[in-house]
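This report describes a single protein chain, moving from its overall make-up to selected residues and their surroundings.

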Amino acid sequence: MEIEVHPSLSFLENTSSTLTKLTDGNPEIQILESKYPVSWSASASVSEGQDLATRTAKAEAWEIHAFEAQARASQPKQNIVPDVTTTSVLKQKHLKEKVKVTKKEDTFLTRPLWPQKFHYILTLVGYSLRPSQLWNFVYLWIHKGGCSFFMIYILILVFAGIPLLFLEMTVGQMLQQGSMDLWKIIGPWAGGVGYTSFMVCFITSMYTNVFSSWILFYLSHSFQFPVPWENCPLLKNASDFDPDCARTTPSIYFWYRQTLKASDRIEDGGPPVLNLSLPLFVSWCLIGAFITNGLKSIGKVMYILVLLPYFILFCFLIRSLLLEGAIYGLQHLLVSKVSALYNIHVWSLAGSQVLFQLGLGFGPIVSLASHMPQSNNCLIDTFIMAVVNVVTLLLITAFILSVLGFWATSITYRCSEKNVETLIKLIKLGKLPPEASPPADLRDNPASIYNTWLNSLPQDIKNMVLSYVPECNIKDQFLQINENQNFAFVAFAEYTSFLPWSAFWSLLFFLFLLFRELGVMVGFMQGIIIPLQDTFSSLRKHTTLLTVGISMLLYLCGLFFTRPPGIYFMRLLSEYWTVLPIFFIVICENITVAWAYEATRFLADMAVLLGIPIPSICGRLWCYVSPVVLLILFVTTLVDLSMKSMTYMAWDSVGSKEVLRQYPSWGLILVIILFLIVILPVPTYFVYCLTSGIPFKYKSKDRLVVFSKSPPLSDKPVPSEKVQKEEILQDDETK
C-alpha cells in the first residue's frame, strides 16, 4: 500500500536548516523551543493524518514565535533575513486564525506592573510597620535586655529575616504569581503552603482592622475640649463624678467602659457594640476605596498612608525630647543586660518579632512582588526594607521612651502632691503623729522633694506613712508598661492630655495610628485578592466586585470582635495562635526553595533574570542557617506557649480595675484546632503527591524559564521590544 505524505512535510523540511541556525545562535529561541516542543518525521500513515496536521500547525506557530524572538534579539546575520521575511509572511497567511488565538492568550496573560518602584517600596513599608509590633518592640527593649535585646534582634534579622524577605520577594517577582499557587510550581510537594498562608492572612485580617475602629472612635472624640479621657464624666442630673471612673483613672475608664464596653470575662456574650461597629464599617469602606482601582490608586494612597505618618512621627519626636522627664526615658536606650544574651526565651521573642515586623509568611509580600518586572533588582529592595525597618524602630523607640519618661514623671508628681494632701488630713485627724508632716512646698520638683523627705523619716514613722499612702517611685511607674495594645491607647491618650493643646496632639497621634493601620490592611487585602485572581482568572474582570465582596465579608466577620468580650478573643489569637502557623509557613517556604528546588539553581535563574550574579552567601543561608534558626525558634516558642498559663487582662466592673484572668480550657482547644485547620493543606497535598508518585523535587535539568507578556501599567501601547517574561516550568513530561 502506498503511503500518503502530508503536503506540509516538504515545507517543514525546507525550513529545518534555517531554524537550526536560528536556534543555535539565540538562547531566547531555545526557551521557545522548550515551550513549544515539536517533533516530526519524513513519513506518516494515513491513520495519523489528523495528528500530523495538528502537529504541523504547532510547528508553524512555533516558527512564527521563533522568528519574532530573533527579530528582538541582537542583529541577525544578513544571509538569514530574506528567508525569515518570506517564511514569516507565508506562516501568517496560513495561520491567520492561529495568530488570533495567540493574541487572545497574550491579552489573558497580561499582568499589570507597578507604575513606579517607589510605590511598591511604600506599599511594602506600609504593610510591614504594624503599630502593635512597633509597640511590642519597645516593650521587649525595656523588659528583655535593652541593647542586648537589640543585638539579638539584629543578628536574627541578618541571618534569618533578610534572607527570608529576599526569598519571598524573589519567588513572587520571578513567577509572577500570588502566594496561593506559587509554591506548587517551585516544589510539587509544597503546594499546600500557599493555601495555609492564604488562610492565615484571611483570619488575621478579620480582627486586625478592629484596631482601626478603636482609632476612629478615639479620633471622633479628639475634637472635644477637654478630651473625654482627660476627666471623669459627671452623673446625669448631678454634680458628682461617675463612681466607676472615680475608682480608677479617666483614661482607663474611657477605654474599657465607653470604647470597648468590655465584659468581665471572655465567657460573657453580648451583641456587637454599636460605637465600634460603625467605625469598623467606615474603615472597611476606606480600604475598599483605596484598592478598587488597583496598583495605580494604591501607589498614590501610600504617599499619605506612609509618608505622612513619618512626618507626624518626627513632629512627636521633637516635641517629646523637649518634655520634662524625657531624659529619664532616653536613659533606657543605653541599658544593657548581658544575661539576656544567654536566655533562649529572649531569642525566641526576638525571632518572633523579626518575622512579624517584616510581615513574613502571611503572603502579601509575595503577592505585591509579583507585580514587579522580573528584571527588578529585588536584592536592593530587600536591603532597603531592612534599613527602613531598623531606622523606624530606633525612631519610634526614642519617641516612646521619651513619652514614657514624661508620663512616669507626671504621674509621680501627681502621686506626690496627692500623698501630701492625704497626709496633712490624716495628721489633722490624729491618725498620724506631727513628725509625719510632709514638706509644704513641692513646686520645684515634687517627686524628688517628697521622696527625699520620705527616706529621711525614721523607719517606724515611714512604715506608718506608707500604710496610708502608696509609694511614688518613678522607676516602678515607668516599668508598669506591658505589651498589650490597649496600654498604648491608655498611656498615650493620657500622655496627650498632659500637654498644652491636648486636643491637637491627640488628633495627630490618632491620625498617625489610623494611617499606619490602614496601610497594613491594604497589604493584607492584596494578600487575599491577588491570589484569588491568579487562581480564578475570571475574577480579574470583576476586581471592584471582588474587593467589595471581600471587604463586606471581613466586616461581618470582624463584628464578632466588636462584641464586649471581643478584645479577649483578639488577644487569644494574636498572642497565642498566630505565631505558630507563621513559623510553620516560613520554615516550609525555606525548605521548598533551598532543598526541593535547590538554592543554587534558584540563584542561577535569578542571576539570568537580573543580569547580575547573586552572592552565594544567600544560598548558604537558605540551606544551612535559616532552617536551623527557624526550627530552634519554633520549638522554643512552642515549649514556651505550652509551659505558661494562658492569661488575659480583663476589666473588673465591680472594683473598676484591671484584673488578670486565665483563659478557659476551651481557649487552648480552640487555638490547637485552628492551628491544625490552617496547616491541614500542607500534609494533605503532601499525601496526594506521595500517592500520585509525584517526585519531591524536579530533575536537575528542569528549570524555571521565563517568557511572559506583562506590560507596565501605562496608558501608552507597549512595543513588542518591551514584552516582558512569563515564567513557565520545563519538565521532561512535555516531551
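## Overall make-up

The accessible surface of the chain comes to about 33,100 Å², and carbon and sulfur atoms account for 64% of that surface. The model is a predicted one. Of the 735 residues in the chain, 55% count as buried. The secondary structure consists of 31 helices and four strands. Among the contacts in the chain with a separation of 6 or more, 80% are between residues 24 or more positions apart.

## Nonpolar cores

The largest nonpolar core contains 189 residues, of which Trp 214 and Phe 510 touch the most other members. With residues up to four places away in sequence not counted, Trp 214 touches Trp 255, Leu 260, Leu 276, Phe 489, Ile 567 and Met 570. A second core, separate from the first, has 14 residues, including Val 420, Leu 423, Leu 426 and Tyr 450.

## The annotated binding site

The unreviewed UniProt entry places the feature "binding site" at Gly 126 and Asn 389. These positions are spread over 264 residues of sequence, yet they cluster in space, with a largest C-alpha distance of 10.7 Å.

Gly 126 belongs to helix α6, which covers residues 117-128. Because its relative accessibility is 0%, Gly 126 counts as buried. Its contacts, leaving aside neighbours within four places in sequence, are with Val 306, Arg 516, Gly 519 and Val 520.

Asn 389 is located in helix α19, which covers residues 378-429. Asn 389 has a relative accessible area of 2% and is therefore buried. Again leaving aside neighbours within four places in sequence, Asn 389 is in contact with Leu 129, Tyr 153, Gln 357 and Leu 358.

## Aromatic pairs and a charge over a ring

The model contains 43 aromatic pairs. In one of these, the rings of Tyr 207 and Phe 561 have centres 5.9 Å apart and planes at 55°, so the pair is tilted. This pair links distant parts of the chain, 354 residues apart: Tyr 207 is in helix α10 (residues 191-208), and Phe 561 is in the loop between α25 (543-558) and α26 (566-576). Tyr 207 counts as buried because its relative accessibility is 3%. Phe 561 is likewise buried, at 7% relative accessibility.

The rings of Phe 316 and Phe 399 also form a tilted pair, because their planes meet at 50°, an angle that falls between the limits of 30 and 60 degrees; their centres are 5.4 Å apart. This pair, too, links distant parts of the chain: Phe 316 lies in helix α15 (residues 295-321) and Phe 399 in helix α19, 83 residues apart. Both Phe 316 and Phe 399 are buried. Helix α19 thus holds Phe 399 as well as the annotated Asn 389.

A further arrangement involves a charged side chain: Arg 601 lies over the face of Tyr 597, at 4.3 Å from the ring centre.

## Loop residues

Ala 436 is found in the loop between α19 and α20 (446-456). With a relative accessible area of 0%, Ala 436 is buried, because this value is under the 20% limit. Leaving aside neighbours within four places in sequence, Ala 436 is in contact with Ile 427, Trp 453, Ile 461 and Val 465. One of these partners, Trp 453, is 17 residues from Ala 436 in sequence and 9.7 Å away in space, C-alpha to C-alpha.

Which residues other than glycine have a positive phi value? Lys 261, with phi near 50°, is one of them, and Glu 598, with phi near 85°, is another. The table sets out their values and places.

| Residue | Phi | Loop | Relative accessible area |
|---|---|---|---|
| Lys 261 | near 50° | between α13 (250-260) and α14 (274-291) | 42% |
| Glu 598 | near 85° | between α27 (579-596) and α28 (599-610) | 25% |

Lys 261 is partly exposed, because its relative accessible area of 42% falls between the 20% and 50% limits. Glu 598 is also partly exposed, because 25% falls between those limits.

Methods. Residues numbered from 1 in each chain as written. Predicted model: local features only at pLDDT ≥ 70, side-chain atom pairs only at ≥ 80, totals over all residues. Heavy atoms only, no water. UniProt positions renumbered as here; feature names shortened; annotations may be inferred. Helix = DSSP H or I, 4+ residues; strand = E, 2+ residues; numbered from the N terminus. Buried < 20%, exposed > 50% of the residue type's maximum accessible area, 1.4 Å probe, protein only. Contact = heavy atoms within 4.5 Å. Phe/Tyr/Trp six-rings, centres within 6.5 Å; stacked < 30°, edge-to-face > 60°. Lys NZ or Arg CZ within 6 Å of the ring centre and 35° of its normal. Areas by Shrake-Rupley, 256 points an atom, 1.4 Å probe, with all protein chains shown as cover. Core = buried A, V, L, I, M, F, W, Y, C linked by side-chain atoms within 4.5 Å.
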